[in-house]
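User: Please take a close look at one part of this structure. Pick a strand, and show me how the rest is built around it.

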Amino acid sequence: MLGPTSTVLPSGQVRDAGRPTTHAAIDLCDLDAPQRAARGIVRTTLAGKADSGYMDDVVLVADELVGNAVEHAGAALDISLDVYDWGVAVQVRDRGEDTTAVPGKPLAADEDDEGGRGLFLVDVLASAWGVQRDDKGKRVIAIFLYRAGDAE
């Protein structure tokens with residue numbers, strides 16, 4: 001399983017993630033529209049589990065992470081989604097090995113910039129996120145904690 005064994009909360013506290021109540025994953029290799037597939041798995045997995053605003057945030061971040069993997073590493077390998085009692089973890093893997101290429105605190109793009117807003121959006125929308133090396137390259141993980149009214 002790709003799911004994290006612990007979660008770093010925005011306050012810096014670490015908590016046991018526990019076992020996911022739902023796990024979904026798809027292989028994105030060789031798909032013509034990997035971002036569309038990523039959006040679909042998020043919507044399908046979260047249907048009936050979260051309100052539309054929360055789901056839209058997770059969809060947007062998943063789309064961005066897959067898009068970044070395609071643009072900067074050549075392809076996204078897979079995406080997984082783990083739903084917990086406390087929230088959701090999204091992981092996107094690619095073959096890129098340079099975890100330092102993903103900035104820890106992305107800056108907002110200038111209004112004339114054509115790109116550069118993606119990781120800024122991830123940083124704003126996710127409760128926490130980060131990048132790790134793994135046996136196939138790297139994975140970017142975004143954590144979304146439930147807020148009052150998010151779960152349905």
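Analyst: Start with the vocabulary. Two strands pair if DSSP finds at least two bridges between them. Strands are DSSP runs of E with at least two residues, helices are runs of H or I with at least four, and both are numbered from the N terminus.

This is a predicted model, in which local features need pLDDT of at least 70, side-chain atom pairs count only at pLDDT 80 or more, and totals for chains, interfaces and linings use all residues. Residues are numbered from 1 along each chain as its sequence is written, and side-chain values use heavy atoms, with hydrogens and water left out.

The part to study is strand β7, residues 137-145. Is it enclosed or open? Eight of its nine residues are buried, so β7 is largely enclosed by the rest of the structure. Buried means under 20% relative accessible area, exposed means over 50%, and partly exposed lies in between (1.4 Å probe, protein chains only).

Now place β7 in its sheet. The sheet is open and has five strands, in the order β3-β4-β5-β7-β6, with antiparallel pairing. Its edge strands are β3 and β6, each of which pairs on one side only. On average, neighbouring strands are turned by 15° against each other, direction ignored. For such angles, axes are lines fitted to C-alpha atoms, for helices over the stretch in contact, and the angles run from 0 to 180 degrees between N-to-C directions.

Take the β5 side. Strand β5 covers residues 87-94 and runs antiparallel to β7, with eight bridges between them. Q91 stands opposite I141 of β7.

Now the β6 side. Strand β6, residues 128-134, pairs with β7 in the antiparallel sense over seven bridges. A hairpin of two residues joins β6 to β7. Two pairs show the register: V131 has V140 as its bridge partner, and A128 has I143.

What holds strands of a sheet together? They pair through backbone hydrogen bonds, either parallel or antiparallel. Side chains are another matter. In a regular strand they alternate between the two faces of the sheet.

Next, the cores. A nonpolar core is a set of buried Ala, Val, Leu, Ile, Met, Phe, Trp, Tyr and Cys residues joined through side-chain atoms within 4.5 Å. The largest one has 32 residues, and those with the most contacts inside it are V58, I79, V88 and F144. The elements giving two or more residues to this core are α1 (34-46), α2 (52-73), β4 (76-83), β5, α3 (118-125) and β7. Helix α2 gives the most, with nine residues. Apart from this core lies another, of seven residues, with A17, Y84, I141 and I143 among them.

Zoom in on F144. Contact means heavy atoms within 4.5 Å. Leaving aside neighbours within four places in sequence, the contacts of F144 include Y54, D57, V58 and V61. They also include W86, G87, V88, V90 and L125.

Finally, look at the helix over the sheet. α2 lies across β4, β5 and β7, running at about 10° to β5. One residue in α2 is E64. At 21% relative accessibility, E64 counts as partly exposed. Leaving aside its neighbours within four places in sequence, E64 is in contact with G118, L119 and V122. E64 and G118 are 54 residues apart along the chain, yet their C-alpha atoms are separated by 5.9 Å.
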